[in-house]
Amino acid sequence: MAKYTNEELLEAFGEMTLVELSEFVKAFEEKFDVEAAAPVAAVAAVAAPGAAAEEEEKTEFDVVLTAVGDKKIQVIKAVKAITNAGLAEAKAMVDGAPKAILEKAKKEDAEKAKAQLEEAGATVELK
């Protein structure tokens, strides 16, 4: 069995999208019958220094879907249109709310995505 160093694992996780990382965490939890609450917090803490620099400039925004609302199908369609994702991936993002739909988007793009999602019935935050 291959053995990976912590650095190799962190590098591999760093290359994953949030959706891929979320799917990995779910698969890990299912396989080993554990909850990843503490490790997720640790990963967020590692990512925090970069996030602090972005907050100072505020040229890039994350569009976070916080609640789906009554019109789940319309929200899935909006997520699919915004992200150019497939139907299954868009549904997974909506089912995983709260979830970042767009990351490091320009202000105009983030506001446009927020308006589209809110028009579909979702609750959205820009971070």
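A residue counts as buried when its relative accessible area is under 20%, as exposed when that area is over 50%, and as partly exposed in between. With this in hand, the reader can turn to the structure above, which is a predicted model.

A good place to begin is F32, whose relative accessible area is 46%, so that this residue falls into the partly exposed class. F32 shares helix α2, which spans residues 18-32, with F28, and the two are four residues apart, about one turn of the helix. F28 is likewise partly exposed, because its relative accessibility is 38%. The ring centres of F28 and F32 lie 4.8 Å apart while the ring planes stand at 50°, and the pair is therefore described as tilted.

Moving back along helix α2, the reader comes to F24, which is separated from F28 by about one helical turn because the two residues are four apart in that helix. F24 has a relative accessible area of 33% and is therefore partly exposed as well.

The structure holds two aromatic pairs. Besides the pair made by F28 and F32, there is the one between F24 and F28, whose ring centres are 6.0 Å apart and whose planes meet at 40°, so that this pair too is tilted. F24, F28 and F32 together form one aromatic cluster.

What else do these three rings take part in, and which residue joins F24, F28 and F32 in a nonpolar surface patch? The residue is V34, and the patch that the four make covers about 350 Å². V34 is placed beyond helix α2, in the loop that lies between α2 and α3, the latter running over residues 37-57. With a relative accessible area of 39%, V34 is partly exposed, and since patches are made of residues with over 30% relative accessible area and no salt bridge, a value of this kind is what membership calls for.

A patch of another kind, negative in charge, is formed on the surface by E7, E8, E11 and E15. Of these residues, E15 can be followed a little further: its place is in the loop between α1, which covers residues 6-14, and α2. Is E15 exposed or buried? E15 is exposed, because its relative accessible area is 62%, a value that lies in the class defined as over 50%.

Conventions:
Residues numbered from 1 in each chain as written. Predicted model: local features only at pLDDT ≥ 70, side-chain atom pairs only at ≥ 80, totals over all residues. Heavy atoms only, no water. Patch = residues over 30% accessible without salt bridge, like charges linked within 9 Å, V, L, I, M, F, W, Y side chains within 5 Å. Areas by Shrake-Rupley, 256 points an atom, 1.4 Å probe, with all protein chains shown as cover. Salt bridge = Lys/Arg side-chain N within 4 Å of Asp/Glu carboxyl O. Lys, Arg positive; Asp, Glu negative; His and termini not counted. Charge placed at Lys NZ, Arg CZ, Asp CG, Glu CD. Buried < 20%, exposed > 50% of the residue type's maximum accessible area, 1.4 Å probe, protein only. Phe/Tyr/Trp six-rings, centres within 6.5 Å; stacked < 30°, edge-to-face > 60°.
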